[in-house]
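These are my notebook entries on one protein chain. I looked up its salt bridges, its covered and uncovered residues, and its surface charge.

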Amino acid sequence: MFLLVYRFFFLIVFSKVTNGQYCYANECSSRSTLTGDVQNWALLIQNYILKLASDSMHREKTQTFFDLAEYKEEKKYGEQLLDEMKTILDLYFEKKQRAALRIAECAHDLHDRLYRTREQAYLTQLKTNSSSHLSWRKSEGSLGLTQHKQLLHLDNETYKDADIPLRLPTNMTFHPHFKRNVSLQHSVVKISDEIPRNNVESIWTVEWTHKLEPVFVRNRELDPDIRWQYFGSHVGLIRLYPGREWDQNFAGFYNDYDPRVRPWYIGTTSGPKDIIIILDCSESMKSNGKFAIGTSIATVIINTLTRQDYVNIICAHESHWDDIGKWHVYKTEVLSCQQDTMVKATLAFKRDLKEKLATLKPGGTSEFETAFGTAFDLFQRKPKTGCQSILIFITDGQDTDGETVRCGAGQYTRSGYVPGPICKYNWTRYWSMVKQRQQFHARARIFSYLVKDNGQIFPGKLACENDGHFAILNDGENLINKMFNYFDYLSKSSLSVNGSWTSQYIDQWGLGVMLTYAIPVTSSIDGRLLGVAGVDVTLDDIEHALSSKTWGGVYGFLINRHDGDAIIHPGLKSTTIPIEDPISTHITQLEMTNNQPEEFQTIILPTMLRGQRGSKRLLNAYRATIRREFGIGTYYWSPIENTDYAFAFSLGESDEKFREVRQPKNLSMYDESFFNLLIEYNSTKARHVLPGKFEHMQVKINDPKYNDVRVSYLYSSIMLAPRVYCDPSEYFYNDDLAQKTINAHIYINQRSNHSDDDKGCSQKYAIFHENTRAYVLISQPIERIWRRRPAELTKDIIWTYVGMRTGVFRTYPAHRSVRDYDHTSRAWYKRAVAFQDRTTASMPYLDLSGGGKVITIAQALFEGMPAISNETCQQKTQQTSSKTKFPGGCPCSSGSDCLSGYCYQSAAPGPDPKQLRCATERIIGVTGT
């Protein structure tokens, strides 16, 4: 990494012109044309880059270290990998399902038992004419009994509120699994801003759900890796464990949260459905805030849809004359960008609909014939779920739009202009039309919402004759409760005692992209929905499990068997710090290109979607490696038991045998290595455990070349990417940096001639994955070579480094890296791997370690080649055509002879060490400067 921009400028500005020729370093071009000038500049820059790469990185030295390393070769089996991962994932998901089931069963029993006990006490006091029954408050229309008039009258043990600092648990401490301060002893409630805190339902729900705490705690004892556990009530509050304080907005107010509009709640309480919303956009909706209420109703419905639903919105109004004879143009329109069909209720389509709702302006007539005709047309077209069709009609029910809306042209008479007739609508015509359309197709259930006015006749009859419900809404507050019959119908029509896994979504509590196992809870007293019990899992956890068993070019992915959408895949964006809900990507977009390989879509994917296990070898697999090339690949796949998910692994041809470096036996040639948190060596804790190390490094704090960055010119530093750790979450959110430094320093410098002592995460209390130390040791000697480079050479160089495939990163001079740094995800690393046979240069970028704007020159490092006899290579030549490319270890004359594209004189053992041989196809790292 170096300041190449300034060097380029120097080359161009200080090149001189001699007799029409451009010259640099006493070398002149032989062409005087502009083309020749540009080519000469390019040649000079190229030579400079190559010279700098050779003299600065010393790639050939680093390659030699890996060529001479000891390797252990293992035969790998895809079926064995599949068996091991299926066991891990089946158990992982089963634990979460059992935890959610315990919450749901306990919630059902607690609610009904407590309510019956209180109801008996209430009725007994009522029969004995005791005045004490007057102290009870009973909910109207739902179950609920309490003797408290305000939430704050409840004791602190029962009522802990995430929005009230004085009601928060007092024993909250930081926990890396939750990325914040939490209480593992207590839960908290979060009440939606729209819900009256002191009504009977709110107080009653807080009281009985408090008794779920022992179940939450027990679940965590049985499964220490469990994340959020909760119960979301139908009244609009949630009880969450572990307890935490709610997030605040920029103004310091607590953010709102309503569990009833979250994907895990909606997906569990309402099945797949097709929804058309007809919004009255006529002139009469302008007054008294009616149109704002109407758009709020539509927005609530949109917010409570999930990716399993299809939807569209129709804005209903038509053109008219006004009372002075002016023609006003309006047209009934379908709001979605796809106007001829319904659209899947994904994040993108829902956002599009809500944005268009926000820009609508009322005006025009209340002619609904086109709107209803379009709605029924949309119900018949695909795509759709075909499960249940629901039409939402939002109107003020007025049969006229006022004096300014005329349904005929006026005329001029001798006494002046006479406007046309005021529009008067014939509701009978619309009732008849809807009745006729309903006869020929699957019936749509119609829910009508009257906004403020008293025009009940039209929307009321429409709902009653079409198995729906009618309601009058006078304001836009607490709409979910006021639209109870709509949500109650959805829950009763699709409610199941069985739980289900959701599609992926963003956790509003800060843990990234999530999946949730959710179970609806109903009362045995009246059959009503009480709420939803849920347990979360993060995609980071699943992705970590999938990657924990991979090697070489092997990768895994997870899909939803409902629709084939990818949930985890190397081609998707990171799930760690997402900024919005993930956009769905079908797996064929990631594993195919230009409809190839065909077998993936016709054989592999259908089998995965059916929940069957299998394997398939493809000659033209389009594998999701950095190079993205067609080649031989084998897929192994299996469903995850009792879920809607399936996972798969993709293995390349070279992955059937895996070679991995082992810890060197002769440890005397390796110097001490230092972790990248240099300043932590000066902490009290580190000084006690690692005395004298900070002084030994001679850390410079105000070096003029690096400004405020602390560096050590005596040593390089080791950065271990989060994935190197057995528990990346523990690493990432552990703020005890001194202890982290001590642990890493002791591990990377542990000296033992027994490489078996580094078995990684299979060992109890292990921190790092197996064989991490081997990469630290093998790369260590390059530090001495980097340190001896002349100052003239390194004046433009910021950092020099080698990043290895396992996540071990060595950089010189020693300095601190950012906490989440993983070099394998950086553009310079990927470019070097993609073009492994050449020297690559990155685009200018801002250095994360404080080096300013830089460019990286990088070269790939190859895994040490196996000892292969010339006879074996010759046999391969005789068995195949002359165009055969040879594997690593075979003699070559140029890179075109090799599968890897790279031919060099290797220090690895072989028949003739002086002979050029093909590099292996596997990249072990990238060195850069």
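Entry 1: salt bridges. I counted the salt bridges in this predicted model, and the count came to 49. I then looked up individual pairs.

Lys96 forms a salt bridge with Asp223, and their closest N and O atoms are 2.8 Å apart. I noted that this pair links distant parts of the chain, with the two positions 127 residues apart in the numbering. Lys96 belongs to helix α4 (residues 78–127), whereas Asp223 sits in the loop between α6 (213–222) and β10 (229–233). Both Lys96 and Asp223 are buried.

I next examined Lys290 and Asp396, whose side chains meet in a salt bridge at 3.0 Å, N to O. This pair also links distant parts of the chain, 106 residues apart: Lys290 is in helix α8 (residues 290–303), and Asp396 is in the loop between β18 (389–395) and β19 (411–413). Are these partners buried or exposed? Lys290 has a relative accessible area of 3%, so it counts as buried. Asp396 is buried as well, because its relative accessible area is 0%.

The third pair was Arg218 and Glu221, which form a salt bridge of 3.3 Å, N to O. They are three residues apart in helix α6, so about one helical turn separates them. Arg218 counts as partly exposed because its relative accessibility is 43%. Glu221, at 52%, counts as exposed, because the limit for that class is over 50%.

I also recorded a network of salt bridges that links Glu73, Arg659, Glu660, Arg805, Glu863 and Arg922.

Entry 2: surface charge. I found a patch of negative charge on the surface, where Asp193, Glu194, Asp256 and Glu477 gather. Asp256 lies in the loop between β11 (237–241) and α7 (263–269). Its relative accessible area is 36%, so Asp256 is partly exposed.

Entry 3: a covered helix. How many residues of helix α5 (residues 200–209) are buried? I found that ten of its ten residues are buried; among them are Trp204, Glu207 and Trp208.

Entry 4: the whole chain. Of the 929 residues in the chain, 52% are buried. I listed 26 helices and 43 strands. The C-alpha trace spans about 105 × 80 × 60 Å along its principal axes.

Entry 5: a record. An unreviewed UniProt entry places the feature "domain: VWFA" at residues 274–490. In the model, the end C-alpha atoms of residues 274–490 lie 12 Å apart, and the span is 33% helix and 22% strand.

Definitions and conventions: Residues numbered from 1 in each chain as written. Predicted model: local features only at pLDDT ≥ 70, side-chain atom pairs only at ≥ 80, totals over all residues. Heavy atoms only, no water. Patch = residues over 30% accessible without salt bridge, like charges linked within 9 Å, V, L, I, M, F, W, Y side chains within 5 Å. Areas by Shrake-Rupley, 256 points an atom, 1.4 Å probe, with all protein chains shown as cover. Salt bridge = Lys/Arg side-chain N within 4 Å of Asp/Glu carboxyl O. Lys, Arg positive; Asp, Glu negative; His and termini not counted. Charge placed at Lys NZ, Arg CZ, Asp CG, Glu CD. Helix = DSSP H or I, 4+ residues; strand = E, 2+ residues; numbered from the N terminus. Buried < 20%, exposed > 50% of the residue type's maximum accessible area, 1.4 Å probe, protein only. UniProt positions renumbered as here; feature names shortened; annotations may be inferred.
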